[in-house]
Amino acid sequence: MTAPAGSLLAAEGLRKAYGPTVALDGAEFSIHPGEVVAVMGPSGSGKSTLLHCLAGIVTPDAGSILYDGRDLATMNDAQRSALRRSEFGFVFQFGQLVPELTCVENVALPLRLNGTSRKRAEQTALDWMRRLEVDDLAKKRPGEVSGGQGQRVAVARALVTSPRVVFADEPTGALDSLNGERVMELLTEAARSASTAVVLVTHEARVAAYSDREIVVRDGKSRDMERVV
Amino acid sequence: MRTARQWARDLAMGVRFAFGGGREGWTRALLTAVGVGLGVALLLLTTAVPNVLSVRDAREQARADHTFSQPPRPKAADTLVVADANTTYGERDVRGRLLEPEGPKAPLPPGVDRFPAAGEMVVSPALKDLLTSSDGTLLRERLPYRIAGTIAEQGLVGSHELAYYAGAKDLAPRIDNSRVARIVAFGEKVPGQTSERMDPVLILLILVVFTVLLMPVAVFIAAAVRFGGERRDRRLAALRLVGSDSRMTRRIAAGEALGGSLLGLVLGTVFFLIGRQAAGSVEVLGTSVFPSYLNPSPALAVLVAVAVPAASVLVTLFALRGVVIEPLGVVRTAKPARRRLWWRLLLPLGGLAMLYPMVGQGRENGDFNQYLVTGGVLLLLVGVTALLPWIVEAVVARLGGGSVAWQLAVRRLQLSSGTAARMVNGIAVAVAGAIALQMLFAGVEGDYTEATGKDLRRAQMQVHLGADGGGSDAGERFRATKGVRTVTQLSMGSLSDRRKNPEQSASITVGDCAALRELATLPSCRDGDVFELTGAEYDDGASALVKPGRTLYLDPSYDEDPGREIPWTVPRRGLREAASVDGLLGFKADGLLLTPGALRKGAGGAVASTAVSAPASALDSSLGSALSSEIYLRLDRSVPDAAEYVRNTAARVDPLADAMTWTSTRESEKFTAIRQGLFVGAACVLALIGASLLVSQLEQLRERRKLLSSLVAFGTRRRTLGLSVLWQTAIPIALGLLLASVVGLTLGSVLLRMSAAKVRVDWPSVLSMTGIGAGVVLTVTLLSLPPLARLMRADGLRTE
């Protein structure tokens, strides 16, 4: 496979089935550095599976994925984990913060997993929390903060390693519209300022509106859409 | 009335919730039920123990044949001569009886429908299996009878008991009311016989064993009804949203636990029934039972059926005290109030206060109040479960720093130290109890174990051949037996001043010079010599009795016990003194040592002259029948099964010979039985705790499945998560075992002081008990790693 010129992450002919259910059936994808791409589609269309494949979380049955010229298929589990730790960031629908860690420890966690000292990791984490306007929650545990606040903490955690790609799977799915918009503003602003690409899985048009480009997934197949403003 | 209705309605709703919620709900309910079920099965097993003991006792009593005190009976149509032919095979006892019915109405033993003819035997199913297998080859040689049938269940005390009844001839002349007796019925009660008063320290041991074994089961059941607590709390929040108040919510939660525990009761009964059937096919420490023995006592079974669901409701209500369930699907887990120490300390202190009045009572004055003992031990052990959450909380609050795995574990423990403490409570209680019991056992062991005095360097086996000595060549046959190094044959009897009802008597030991040198330092010796022993521990008055030329009587008669009354004249010359030594018998013998020639010579015309030409070691049948013959054997330890070869020779020499393997110490049977009971119970409890710990661990991991997947998604190493799980278990278990050691040592010391025994810490026991506890946890953690790896798979995010 040849990746589209200048693309950071590209996929071609992706196929993935869970038993008899075909989640992806020849999907394609590409994203450039600093670009925000929304992956849209109805429930069960395969958009989360596409995200998991692109992030190296799930191995596709067929097709190839190139990240920065490297084929994910040739990497073993440890190499893919290392890639996710250092180059990718993640935001999930329910934040998935570790409940027993404080918010600042949650944000610092990816840095600590990369071997950064605790003090430095937490200092960097606090900087990111400040940018996402949640630094006052540093010492609180996830159970003590609201859903919107928790999701902003999760965005800070995704960006703390200055990743080249952030994968956001329905990041506003559990939030009210006001909180959802604030999270999207902060996510895309922070990503763009750091030239971080964002793969944004959503089924909401108003969330997709924050992207530069949209890809629609339906029945496991993807289609690149013209940007609608 | 209205309140009761409200309670019933809320609990019923909770029960419905327990099984609702599709696969997720069922899985949760099933986990709780399996946990509770395991506990219930063990409780039911315990409630069946009294029945097991009474049935075994009744069966043993029903087949009791001779009681050593039955009056002499003439041969009649309803008499049976029965001879004890017990033997040992390897480490297993074989109950054997030779039967000779003397008339058509002779009583049949229980479980036997007809008498085996001479040369035939009926056997227990386990003995039949053994004899037909290659493992039983040596035993087959010893029991050369044709198998003519099997003994039915009512004639046996256990499914694996090795037992046989063999037909025999000419037993009547050997009736001695010891090993051979004439009876008219099996299971005859001895008039005036009362059951022996149980030693108070042994009662104390039994009470503590039961309490210590059942306590972890109760702790475990309490933990099992809280499986899935976190998810349940979230569900309860939704109920708050639709209008249920906080009390209703708690009752609904209690109802959920009730549902799980009710299913647990059903599963427990099923587990018990399966276990009951399986129990018939296993033997533990030489004890086996038939499934039919395992009938729970109805009252106790009802108590279990009521107490377990009630406990599940109470435990849930108690556990939810500190949980604030709010609407909007959020359970605010704001930092809970610190645990208070004072009431937790009250429990063990209360336990000590209950036990204190019994300190110093000992075996002599011990009349331990069983309620105080049980209550005291219970409170001390419950104290472990109350103190542990406080200790875990206090310690983990001070922990910090370290690697990511350590941080994840410590933070998790800080957030929910109660869950962690609950997980190890069962182990901690079991270890505390086990340490205390081991201390008690070790402390009083000396009182129930006595040295046999046998010198195992000189002989390792002894064969009692009874009167007539098994024939003149008995010694030679043992000498020719594989694995036998040396044979010492001694015949024992007594000489008396009168033919009937003597006033004075002295013991005599007859043997060749080599054999006599095992008992005394002989200046010189040849056949025909007689020695009077000096320096014996107990002087039986031989010196007053043995006067040169005096006629004494071998095997005198007593009113109800006719003897052979063989006159024997003390030699006029040549009676020499010999210093008794600590010999084969384990003590310094007294009386006279006679060579066979001296015995024959003294007996003079009383015995046939043919006897004189017999080998030195042998005596003629008349003299031999007045003495009992013992053979002491030194074995070649390099020969496997040497003891079995000896037993086989003994059986060939005389089917009624009693071959014994010597030991240096002998332990009280009841003490041994209690100790074995403890081991069996402890093994069951530890297996249960291990299983429950695993279920609980898996349940916790399952609850965190999505979180684990997301941690892996952003690159967390699996090793980091595995280590964090290990730390999460290791920290509370280390604290739990530390507390268990302190409580165990305290309880052990108190129990030893109650038994008036010297307080001594048995450190190897402490270390081994804590080691076993830690081993169980480590095993559980290792077993939970494969499911953890599965749960960490990134496809756990699929539902995201």
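I began with chain B of this predicted model, and looked up how its contacts are spread along the chain: among those with a separation of 6 or more, 82% join residues 24 or more positions apart.

I then noted the make-up of chain B, which has 23 helices and 20 strands, and I found that 45% of its 800 residues count as buried.

Next I turned to one pair of helices in chain B, H13(B), residues 417-448, and H23(B), residues 763-791, whose axes lie 9 Å apart and which pack at an angle of about 155 degrees. Since angles over 145 degrees count as roughly antiparallel, I could therefore write down H13(B) and H23(B) as roughly antiparallel to each other. I also recorded that the crossing in which H13(B) passes H23(B) is right-handed.

I listed who makes this contact: H13(B) brings Ile427(B), Ala430(B), Val431(B), Ala434(B), Ile435(B), Gln438(B), Met439(B) and Ala442(B), while H23(B) brings Ser765(B), Val766(B), Met769(B), Thr770(B), Gly773(B), Val776(B) and Val777(B). Sorting the residues of this contact by class, I counted eleven nonpolar and four polar, with no charged residue among them.

Last, I looked at where the two chains meet, and found 24 residues of chain A in contact with 21 residues of chain B. On the side of chain A that touches chain B, I saw that helix H1 (47-54), helix H2 (77-86) and helix H3 (103-113) of chain A each supply at least two residues, and that H2(A) gives the largest share, four residues. By class, I noted eleven nonpolar, six polar and seven charged residues on that side of chain A.

Key. Residues are numbered from 1 along each chain as its sequence is written. Chains are lettered from A and ligands numbered from 1 in the order in which they are written. This is a predicted model: local features need pLDDT of at least 70, side-chain atom pairs count only at pLDDT 80 or more; totals for chains, interfaces and linings use all residues. Two residues are in contact if their C-beta atoms, placed from the backbone, lie within 7 Å. Ala, Val, Leu, Ile, Met, Phe, Trp, Tyr, Cys and Pro count as nonpolar, Asp, Glu, Lys and Arg as charged, and the others, Gly among them, as polar. Axes are lines fitted to C-alpha atoms, for helices over the stretch in contact, and angles run from 0 to 180 degrees between N-to-C directions. Angles under 35 degrees count as roughly parallel, over 145 as roughly antiparallel, 65 to 115 as roughly perpendicular and the rest as oblique. A crossing is left-handed if the near helix is turned anticlockwise from the far one by less than a right angle, and right-handed if clockwise. A residue is buried if 20 or more other C-beta atoms lie within 10 Å of its own, exposed if 12 or fewer, and partly exposed in between; C-beta atoms are placed from the backbone.
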